[in-house]
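Please load the model in your viewer and keep a selection panel at hand. The tour proceeds from helix packing to pockets and then to enclosed space.

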Amino acid sequence: MTDAGDRMTAIASEASVHLLRESQDFSLVHGGPLFQLLLRAHLSSDTLTLVARRVILFVLITWVPLLVLSVFDGQLLRGSVAVPFLLDVETHVRFLVVVPLLLVAELVVHRHLLRVARTFLERNLIPAAAMPRFDAAVTSAFRLRNSLLAEVLLLALVYAVGVLIVWRRYTQLGTSTWYASVSDGGSSLSPAGMWYAYVSLPIFQFLLLRWYFRLLVWIRFLWQVSRIDLTLVPTHPDHLGGLGFLSHTVFAFSVLLLAHGAMLSAQIANRIFFVGAALTDFKLEIAVLAVFLMCVVFGPLLVFTPQLAQAKRRGLNEYGTLAERYVRDFDGKWLRGRAPQGEPLLGSADIQSLADLGNSFAVVRTMRLAPITRDAVLVLAGCVLVPLAPLLLTVMPVEQLTQKLLGLVF
């Protein structure tokens, strides 16, 4: 029966590995209608390279027409509006910084998460009986990632909600700009504003919403895998029962978080420069964004906490029982005079075995309940907050800011 079970495990594992190979491993970004379009246009490859080509294309579509139309409108640098095109920080950061970062993030996420599903198999975390469920989770993630309907709905959401409601009512500057003139009857778009509202901005919002959709696919995949009874090993040296590799997956989203920080920084900068706001007015927005992104990135990893807690309890019980038996035998043999006649204490393997057992129990006792590290939290929080650092210059002079920073370091 044991041999038969081993053969079933091997066959199921090979089938799952074969499925992953046929499906280009596990990639959140290697699929979807837009990806296929870029692939056929030779603006991408199977390995998501050619990023520079994609960046140039999107800049040519989103930013360059705004520059040209602003020149024709006479709103490039000086004109009858409060915010000419060249002084609009939010527009330049959005299309020259954030959009390229969203495109670069695809390559970063692809490379970081490529072997995640395969690692579950290589570490024998998926039992043979659960292989079909694991295969179904992988297949379902691919199917959702490649969905034409999903991207069509995202595009419809962009125009119906993102442009007509969110931008028009909440995020548009309440003053005359290069893209819209404000009057008592409302605002009217300039030719540059028409391109901005119905081409550039929707492209930006679509790329952003598509990332949220991909994160949803990732969260759903982790949830489905966490419903499988994983074969965790409490004494695994990663202190996570073998799931330690998941703690590194969060770094895949560092560029994406950097893009969000830059996006918020640009929005705040425009309101400081042109609406008379202060950086301190946006403390709540900054905190909410940082907390939201930390929850989105780290929250999905908490789905494994129940299994990790169960594995730790089981390990403490089993290794505690084993240790109790061993130390009683060790005590009786070496301290109560039950050692065989002539067996020397010096060089005995019993002491080393006792030490090894103690180390194993210590590993179980220090087993963590979530694949989250403090360093990862600090690094990713830094990715969000670093783009906001230049705005500190609007609060205090450079010399004073430098002195405070030096004081923190030294």
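Begin by selecting α5 and α10 in this predicted model. Their axes cross at roughly 175° and come within 8 Å. An angle over 145° counts as roughly antiparallel, and α5 is therefore roughly antiparallel to α10. To display the contact, show the side chains on both helices. On α5 the residues include V89, V93, V97, L101 and V108, and they meet a set on α10 that includes V255, A259, A262, A266 and F273. Sorted by class, this contact holds 18 nonpolar, two polar and three charged residues.

Keep α10 (residues 254–274) selected and add α11 (residues 283–298). Here the axes lie 11 Å apart, at an angle of about 165°, and these two helices are therefore also roughly antiparallel to each other. The crossing of α10 past α11 is right-handed. Select L257, H260, L264 and I268 on α10, then E285, I286, L289, L293, M294 and V297 on α11: these are the residues that meet. Eight of the contact residues are nonpolar, one is polar and one is charged.

Next, turn to the pockets. Where is the centre of the largest pocket? Select V166, T171, L208, M263 and Q267, which lie nearest to that centre among 26 lining residues. The volume of this pocket is about 730 Å³. Two or more lining residues come from each of α8, α9 (191–226), α10 and α11, and α8 supplies the largest share, eight residues. The lining comprises 18 nonpolar, five polar and three charged residues.

For the second largest pocket, select L34, L37, L155, I203 and F206, the residues nearest its centre out of 18 that line it. Its volume is about 360 Å³. The elements giving two or more residues to this lining are α2 (33–40), α3 (51–62), α8 and α9; α8 gives the most, with five. By class, the lining has 17 nonpolar residues, no polar residues and one charged residue.

Finally, consider the enclosed space. How many cavities of 30 Å³ or more are there? The count is four, and the largest of them holds about 60 Å³. To find the largest cavity, select D88, E90, T91, R94, W167, T171, Q172, L173, Y179, Y196 and N270, which line it. Both α5 (89–113) and α8 (148–171) give two or more residues to this lining, with α5 giving the most, three. Four of the lining residues are nonpolar, four are polar and three are charged.

Technical notes:
Residues are numbered from 1 along each chain as its sequence is written. This is a predicted model: local features need pLDDT of at least 70, side-chain atom pairs count only at pLDDT 80 or more; totals for chains, interfaces and linings use all residues. Side-chain values use heavy atoms; hydrogens and water are left out. On a 1 Å grid over the protein atoms alone, a cavity is a set of points where a 1.4 Å probe fits but cannot get out, and a pocket is an open set with protein on both sides within 12 Å along at least five of seven lines; lining residues have an atom within 4 Å of a point. Grid points are joined across faces, edges and corners, and a volume is the space filled by probe spheres set on the points. Helices (H or I, at least four residues) and strands (E, at least two) are DSSP runs, numbered from the N terminus. Ala, Val, Leu, Ile, Met, Phe, Trp, Tyr, Cys and Pro count as nonpolar, Asp, Glu, Lys and Arg as charged, and the others, Gly among them, as polar. Axes are lines fitted to C-alpha atoms, for helices over the stretch in contact, and angles run from 0 to 180 degrees between N-to-C directions. Angles under 35 degrees count as roughly parallel, over 145 as roughly antiparallel, 65 to 115 as roughly perpendicular and the rest as oblique. A crossing is left-handed if the near helix is turned anticlockwise from the far one by less than a right angle, and right-handed if clockwise. Contact means heavy atoms within 4.5 Å.
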